[in-house]
Amino acid sequence: MSHTALGMWSKLCRRWDLKTVLTGSSAMRSKQTLTIRLGLPGIIDQEINPHVDKWEEEGMFPAHKIFKVLGNAGFLGVSKPVEYGGLGLDFSYSLAVAEELGNIDCGGIPMAIGVQSDMATPALARFGSDELKKEFLQPSIAGDLVACLGVSEVGAGSDVASIKTKAVRDGDEYVITGGKMWTTSGAQADWMCLLANTSEGLPHKNKSLICLPMNLPGVHVARKIDKIGMKSSDTAEVFFDDVRVPCKNVIGQEGMGFTYQMLQFQEERLWGVANILTMMERVIQETIGYTRQRKIFGLPVLYHQTVHFRLAELQTEVELLRALLHQATALYIRGNDVTKMASMAKLKAGRLARELGDSCLQYWGGMGFTSDVLVSRFYRDSRLMSIGAGADEVMLSIICKYMDTLPRK
């Protein structure tokens, strides 16, 4: 991050009482104001949105170029340690950035940015060695390296404990075999935060997170996956054929990878909720604008009670979800376990996005069935919210676990 960007952040952050800023929605709104003053909308309007249609058609955006712009402005390490180029702020500032990134005209690019800033790097920042942080975290914050997260596999998506990729110790190295599926930014990434089995123990205690350079011999990006949505974000299938990586590349303690990944999931799920909130609001507002001028049976579509009542219901649901997100965030940055609340928020966000996208698209009529409007892109992109980072059914199981309602074994 440039000294100018750091100075801007420092000057603005001193205006807020960071001891009391984390108490609720007003605090989050203040952080949103801060991101606006720092020029994130300018980056979105000038560097990203003019090119989104082209990148959607091509199935990839230039991650290195865009991440460098964001890194120079300080947006890839908002809650990361200052000594590695971050801003040292709490996680609520990252969520304020996530909400602002919802103004990008697609879901794929914000998702890739979130992987870089708040999904592939939290465990490294919290538990990694100084050497690993300097090699992988610092250049990722600066936007010099593109990161990806290697957790899901063909037979192990939401069921993380069932992954088969192995890292077998051979002297001072691990030999890695296996593969990862649905890897965001996998076709462009410089390194992967890889979850692999490093022993034959219990499935929750035999895994480790490993920093894996993607240019090592034996790493094969097999294909770029064609998806129904999130098209501007490349998603890859990656195979590992006897890849050798130093044992020192393990993040934290060997065997703690599953636990570290579950902690990363808390932030990943909250980030995803924050990001999709803004897009949901945009879809509602664009639908209001369209139905106000589009007439049917002599009246604007909006004037029919079923339409404006439905939009009012959807806006109410969005605000309720925002309140849940802000409550969970306030608790999280005070050190509380918010697994249940984060799961609730993600569950609700996924279901509301599907409901909202379907309802609003209906009011656009034939235009909603084209690729020319934001609502149709949202309809496609937002479907991932109920699948990625833990499917709805997994979120329900987690919530039931905390409610102590799961069947006894």
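## A covered helix

A residue counts as buried when its relative accessible area is under 20%, as exposed when that area is over 50%, and as partly exposed in between, using a 1.4 Å probe and protein chains only. Helices (H or I, at least four residues) and strands (E, at least two) are DSSP runs, numbered from the N terminus. With those terms in hand, let us look at helix α6: the buried residues there are F91, S92, Y93, S94, L95, A96, V97, A98, E99, E100 and L101. In other words, eleven of the eleven residues of α6 are buried, and the helix is mostly covered.

Before going on, note that this is a predicted model, in which local features need pLDDT of at least 70 and side-chain atom pairs count only at pLDDT 80 or more, while totals for chains, interfaces and linings use all residues. Residues are numbered from 1 along each chain as its sequence is written, and side-chain values use heavy atoms, with hydrogens and water left out.

## Aromatic pairs

A pair of aromatic rings is described by the distance of the centres and the angle of the planes. Rings of Phe, Tyr and Trp (its six-membered ring) pair if their centres lie within 6.5 Å; planes under 30 degrees apart count as stacked, over 60 as edge-to-face and the rest as tilted. How many aromatic pairs does the structure hold? There are six. In one of them, the ring centres of F61 and F67 are 6.0 Å apart and the planes stand at 65 degrees, so this pair is edge-to-face. Both F61 and F67 are buried, and ring pairs link them with W55 into a cluster.

Helix α6 takes part as well. The rings of F91 and Y332 have centres 5.6 Å apart and planes at 75 degrees, so they too form an edge-to-face pair. Because F91 lies in α6 and Y332 in helix α11 (residues 305–332), the pair ties together parts that are 241 residues apart in sequence. F91 and Y332 are both buried.

## Cavities and a pocket

On a 1 Å grid over the protein atoms alone, a cavity is a set of points where a 1.4 Å probe fits but cannot get out, and a pocket is an open set with protein on both sides within 12 Å along at least five of seven lines; lining residues have an atom within 4 Å of a point. A search of the whole structure finds three cavities of 30 Å³ or more, and the largest has a volume of about 60 Å³. Of the 14 residues lining this largest cavity, F75, V78, S94, S117 and D118 are the closest to its centre. The elements giving two or more residues to this lining are α6 (91–101) and α7 (108–119), and α6 gives the most, with four.

The second largest pocket has a volume of about 220 Å³. Its lining consists of D53, E56, E57, K231, S371, D372, V373, L374, R377 and R380. Here α4 (52–58) and α13 (374–381) are the elements that give two or more residues.

## A stretch with strands

The UniProt annotation "domain: Acyl-CoA oxidase/dehydrogenase middle", from an unreviewed entry, covers residues 148–243. Over residues 148–243 the chain is 0% helix and 51% strand, with the end C-alpha atoms 17 Å apart.

Two strands pair if DSSP finds at least two bridges between them. Strand β2 (residues 166–170) pairs with strand β3 (residues 173–184) in the antiparallel sense over five bridges. D170 stands opposite E173 in β3. The hairpin of β2 and β3 has two residues between the strands, and G171 takes a positive phi near 70 degrees there.

Technical notes: UniProt positions are given in the numbering used here, feature names are shortened, and annotations may be inferred rather than shown by experiment. Grid points are joined across faces, edges and corners, and a volume is the space filled by probe spheres set on the points.
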